[in-house]
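Me: I'm new to this one and would like to get to know a single part of it properly. Could you pick one helix and walk me through it and whatever sits around it?

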Amino acid sequence: MTDDAVGPAETDDVLGPGWVARTLPLRPDALSRRGAPDPVATLVHRRPDDAAAPAGAPATPPSADLAPPRPRTAVLYLHGFVDYFFHPHVADGLARAGYDLWALDLRDYGRSIRPGRPANEITDLATYDEEIDTAVRLLRASHERLVVMAHSTGGLTAALWADARRGRGLVDALVLNSPWLELRGNAFERTVLTRAIDVVGRVAPRLVVSRTARHYGEALHAATGGEWDYDVAWKPHTFEARAGFARTVRRGHARVARGLAVDCPVLVLASDAAGPDDRWHEALLTTDSVLDPAQIAARAPLLGPDVTFVQVPGGAHDLALSPAPARERYLEEVLRFLDARLGAG
């Protein structure tokens, strides 16, 4: 893939040696018309020569004669709410099987946060179609096949995007890791409160309506006893959710409930158990303590005609961040599905 094919030049990424990022300029939006910077997205990738090297081996200079052939299948990763890509171990596992992972930090998330623009905030999930379309166009120009892999809110966004783009042959498979397909809560929250949020989110989109619980993030992060070291400025343990965001998510849930028609094979994965989402408990990382896997299982068949649902025993909300062996089981299930549906990467 040449620089001309993908736009702005690569810069070194925060993930360290071998990882690079490209800023994707996006169209001005309502915020930028009021004086904020224009939105951007960020496409993250590891250089092919570094991806091919054995773990711990020094990187070698690129060479036309020595560079490995580019895998035929690209995997485009979409993160969740208050999240960004910091999963090189997922890229490692995919690369060993011949798949080429690229990650997209959506506008106002992670690497794409800009001063003067509220972080992690959106009032219409379809707004993200611009950066997804851009990334898909770039990757399809250099790969024979494309898989979209998405987590949580990113899974909802990806499903709605794939449904809206059906019939165009843009995506060959969709892999959803604990996708947010329904509101966790009681019947009152899913009905009466949802109707209220629909009104409030339209007239007062910046009104704070909830705050994410801190316990799951604290269980993940190395500074508070977890396995993972990530930037808490980009993925804070707790964050305010606003009415405009809640409204667009609930509208997305309603679209799923009416039934989508995603026209590629879909793999939906979830933990095998739900844990409490409002307090600390010992199973924070061996259950889904953010969403309800039973709801995910119930909604998964509504995504399209070819949906496979897999439970991952002992999985966390982000299955890729589960303790071993659940995270290995997650990746094994993903690769088993992709190899069966697409052939070798």
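Reply:
**One helix up close**

Let's take α10: its 16 residues should span 22 Å at 1.5 Å a residue, and since its end C-alpha atoms are 23 Å apart, the two agree. (The expected span is 1.5 Å times one less than the number of residues.) Keep in mind that this is a predicted model, where local features need pLDDT of at least 70 and side-chain atom pairs count only at pLDDT 80 or more, while totals for chains, interfaces and linings use all residues. Residues are numbered from 1 along each chain as its sequence is written, and side-chain values use heavy atoms, with hydrogens and water left out.

You'll find α10 at residues 243–258. Its number counts from the N terminus, as helices (H or I, at least four residues) and strands (E, at least two) are DSSP runs. Much of it is tucked away: Ala 243, Gly 244, Phe 245, Ala 246, Arg 247, Thr 248, Val 249, Arg 250, Gly 252, His 253 and Val 256 are buried, meaning under 20% relative accessible area with a 1.4 Å probe, protein chains only. Among the elements covering those buried residues are α6, α7 (187–190), α8, β8, β9 and α11 (293–299). Right after the helix comes Gly 259, with a positive phi near 100°.

Now look at the other end. Strand β9 covers 240–242, and Phe 239 sits in the loop between α9 and β9. Apart from neighbours within four places in sequence, Phe 239 is in contact (heavy atoms within 4.5 Å) with Phe 81, Val 82, Ala 119, Asn 120, Ser 210, Arg 211 and Thr 212.

Three of those contacts lead us to the largest pocket: Ser 210, Arg 211 and Thr 212 are among the lining residues closest to its centre, along with Trp 180 and Val 290. Its volume is about 1100 Å³. Here a pocket is an open set of points on a 1 Å grid over the protein atoms alone, with protein on both sides within 12 Å along at least five of seven lines; lining residues have an atom within 4 Å of a point. Points join across faces, edges and corners, and volume is the space filled by probe spheres set on them. And our helix? α10 gives the most to this lining, four residues, while α8 (192–203), β8 (208–211) and α9 (215–220) each supply at least two. Overall the lining has 18 nonpolar, twelve polar and nine charged residues. (Asp, Glu, Lys and Arg count as charged; Ala, Val, Leu, Ile, Met, Phe, Trp, Tyr, Cys and Pro as nonpolar; the others, Gly among them, as polar.)

Phe 245 of α10 also helps line the largest cavity, together with residues including His 79, Phe 81, Tyr 109 and Thr 157. A cavity is a set of points where a 1.4 Å probe fits but cannot get out. This one holds about 60 Å³ of space, and its lining has seven nonpolar, five polar and no charged residues. Helix α6 (residues 153–164) has the largest share, three residues.

That same α6 covers part of α10. The largest nonpolar core, a set of buried Ala, Val, Leu, Ile, Met, Phe, Trp, Tyr and Cys residues joined through side-chain atoms within 4.5 Å, has 50 residues, and Leu 76, Leu 104, Leu 174, Leu 176 and Leu 303 make the most contacts inside it. α6 gives the most to this core, with six residues.
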